[in-house]
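Biologist: Please show me the model, and then I will ask about it piece by piece.

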Amino acid sequence: MRRGLRFAVGAVKLRRLRLGVGGYLGVGLAAVGLVVFVGQVLASRTTRAAVEAVHAMQAHDEPLAARSGAIVEKLAAYDRTVSELLESAAGTDTAPLSAAERDLDDALDAYFQFRGARALGAPAGFSDRIAHHLAVGRSLIGRARDRDAWQARRRVLLDGVRRRIASAGGEGLPVGGNQLFARRSLAELDEAINQLRAEPDTGPGASSAEARMMSLLRAHEAELARSPGPAWLELTRDDVHEAARLRARIERFDASHVPERRAFLEDGAALLVWAQTHLQAPARFALAAAAERAAAAAVSAEHMLAATGIAVVIVVFLISGVLALRITLPVRRLTAVTRRLAAGDREARAERAGLAQIDELAESFNAMAGQIAVVERELRTNQTELERRVAERTLELDHLAHHDPLTALPNRRHLGATLTGAIARARASGERFALLFVDLDNFKSINDTLGHTFGDRVLQAIGERLQTAAGPHAFIARLGGDEFTVLLEATDSVEAVGARSAKLLDALQQPLTVDGRVLSTSASIGASLYPDHAPDADALLRAADVALFRAKDLGRNRFAVFSPDLSDAAASSFRLEQALRRAVEAGELLLMYQPQVALHTFETSSVEALLRWRKPDGRIAPAVEFVHIAEKTGLMRELTGWVLRSATSAVTAWRAMGWHHASVAINVSAPQFFESGFVEHVAEALRVTGIPASSLELELTETVMQTGPATLSALHRLRELGVAIALDDFGTGYSSLTSLEQLPITRVKLDRTLIEGIDASPRSFAIARSVIALCHGLGLHVVAEGVETPGQLERLERCGPVTVQGFLLAHAVDSEAVPAEVEAAGARARSLLATARAAAAEEPEQGALMFVTPRRVLPR
Ligand code: C2E
Ligand code: CA
Ligand code: CA
């Protein structure tokens, strides 16, 4: 526990020593942060000084300048107001003067009560001068008001004098467009007063007009004292005197007032200059100085900011450089080492860089490089071993690819290469060579009856036998199934090929013992010659195949050489096969049914289902035209289910239509019968349609029946089901009587060739009659096929209970027509026989007839 703690502490110390990428980035960021902080502090200090300077200017110098300006402005306004009042006639209104005085007082108060001005102190004598100036102004205005009063008084007096003169008759009376005066003195006075009133208030005009007025009064004194009277005269004389006195007073005032007013204005101008120099100018200077100070502070703040920015950039550059050196260089070194390792340098190792992560990376890299080296050594060892094995296996595969695994003989591919070589050699030497196709006869039935394993052994034995018989220089290949090819070089004539083939056929015909079982086998051979029959390997193979086809056609154990007309036959059979396949897909195949009439009852016991092909042109082709191809190509096998289903459901239909004993016979060829599950197919068809098994008959030929124990067991199983079995085409090929005896059959169908001559040749009739008797003797029913003449019918009737099938009674018809055709066929038989009997009765007797009743009649 304590040791663990010590380790942990040690690890922490170690880690502290080695900074990682993150650590370096952290330190760098911290340094940048510090520089930014210091720069920020310095810059904010200088900017603050600038801001303070501006503030001081705003708070002190600007107001002081504004207030001193206001004093100057109000002073000028006051002087203007006084001048205006003096100029104007409305001198009596003193309100503007009081307002101007108040404004000036306010401006003075505002200035002197301001903090800065108080500090400066008011200039000595300034207030007294102002007060004096204001008093002068006020007195100027006051006296100007007296003058106005005097002037008004004088006008009133003159107007009174004039009215008095007029009321005394001074104006005269208007008579006939002329003024008619009562007295000349009054008229002269009236004219003089009007002249006096028209003169301005001061000046020489006014004083001379007054003087004339006085002299007229004096001149007419006596007259006037009588009328209008002495009181009138007294009043008038006083008023004129008073007006003259007032004029003198106004003139005296005017004489003294103008200089006083000028003095007042000059004093005002001096005061303005004084206020500008002592109040406004210092304030303006102070404002300018403050603005300069603020500008200087702002400039220094700007410099400080620029310096900080530059410092930050420098520090960032420095830190980036350091980081690049500490991180990028080690990473690059590591990359270079990795490249070396990838290029194959297994000794490449990474150095430590002092940076935690990069060191870890370097350590891991070194560990990996070590491991790679170890693994590579192991790999190299394994690879050598693997290459050895691959070489071995390649050889094996090569052998497999070119050989048939069953017989170890060369395969088709190997044959192709060998053929190409042989063609080249033959071309060079001018020699010919032969290619043989060897095909076992009946190998399929060996396979089917004895099993595939046994079949494989047979193929191996045949391969060995071929090898021995063909000799050491022949090249033998197996192409698949029971097909072998033999390449015989330096074979230069058809005769030589024939001789070699005969030798091979002979060897293959010898009894073969496999697993203790003795087999008799045979083969067919088709041959082609190079260059006579084909110019290349493919064509040569095709030619041999065509020849083999021909050999098979000839019968078993035969040999044939290619000829061009064989090729045509092969081509047409190929075309037929293709057309037939299309017909199956298009549903062009159908079944037709030919009635079989029992002569002793004139009833149709059954119909034979015959395959037909409805050609696109509407013609219905008989089975004989295409069934051999269908059987050879395996198509027939594919049709088994369809034939079974169609025929059995047709039976159901006929029974429903009133033919109660309807039954059908179906032809089954070897490939169909040997198909696995054939018996099950039959059982299934019976189960599905529900018809009785006895109403179904299968027609098989001897070639099918003689193939071995498997066939026999299948036949027995069919019999157990209750299905009838007929031996078809009896009397052709190698019919053997043992078949009749041993096989589980119910009927025999005599071939047309056996019936053909019975009405013309007594010998033929005798043979047919014996065969029928023999069958009857074995308890078998007999059907005579291909009955075409009434004579044949009549003779068959004489052979006991025989059933007849032939064009004479009925052709094959389609399913719907069957019930009617069945009736018609019976009737035809009856009438034909009656006629034939009558005719025969006239002919001489041809020989005694022997009737044999069937010994064992199997249930139908
Ligand atoms: P097959 O089993 O011997 O059938 C009888 C053949 O004889 C039929 O020919 C039929 O039309 C013909 N025939 C009947 N009466 C006369 C006659 O009076 N004169 C002559 N000259 N011929 C007569 P088809 O239909 O051409 O059949 C030929 C062969 O094809 C059949 O011989 C049979 O082996 C095979 N075949 C027909 N239908 C089938 C089928 O459904 N399955 C199998 N596997 N083979 C069939
Ligand atoms: Ca038949
Ligand atoms: Ca037949």
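Biologist: Are Asp728 and Glu785 buried or exposed?

Modeller: This is a predicted model. Buried here means under 20% relative accessible area. Asp728 and Glu785 both meet that description, and the term for them is buried.

Biologist: Which residues give the protein donors of the calcium ion (ligand 3)?

Modeller: The donors lie 2.1 to 2.6 Å from the ion. Along the chain they follow the spacing D-D-x55-E. Asp728 sits in strand E15 and Glu785 in the loop between strand E17 and helix H26, 57 residues apart, and the pair links distant parts of the chain. Glu785 is listed twice, through OE each time, and the residues are Asp728, Asp729 and Glu785.

Biologist: Which residue bridges the calcium ion (ligand 3) and the calcium ion (ligand 2)?

Modeller: The two ions lie 3.9 Å apart. The residue that bridges them is also among the donors of ligand 3. That residue is Asp728.

Biologist: Which residues of H26 are buried?

Modeller: Helix H26 spans residues 790-797. Its buried residues are covered by elements including helices H24, H25 and H27 and strands E17 and E18. The buried residues are Gln792, Leu793, Glu794, Arg795 and Leu796.

Biologist: Which helix gives the largest share of the largest nonpolar core?

Modeller: That core has 85 residues, and Tyr593, Trp654, Val664 and Phe673 have the most contacts inside it. Phe673, for one, touches residues including Val668, Phe678, Leu700 and Leu718. Nine residues of the core come from one helix, residues 635-656, which is H18.

Biologist: How many residues does the other core, with Phe443 among them, have?

Modeller: It lies apart from the largest core. Ala434, Val497 and Val514 are also among its members, and its size is 32 residues.

Technical notes. Residues numbered from 1 in each chain as written. Chains lettered and ligands numbered in written order. Predicted model: local features only at pLDDT ≥ 70, side-chain atom pairs only at ≥ 80, totals over all residues. Heavy atoms only, no water. Core = buried A, V, L, I, M, F, W, Y, C linked by side-chain atoms within 4.5 Å. Buried < 20%, exposed > 50% of the residue type's maximum accessible area, 1.4 Å probe, protein only. Helix = DSSP H or I, 4+ residues; strand = E, 2+ residues; numbered from the N terminus. Contact = heavy atoms within 4.5 Å. Donors = N, O, S within 2.8 Å, 3.2 Å for Na, K, Ca; no water. Lists of a residue's contacts leave out its neighbours within four places in sequence.
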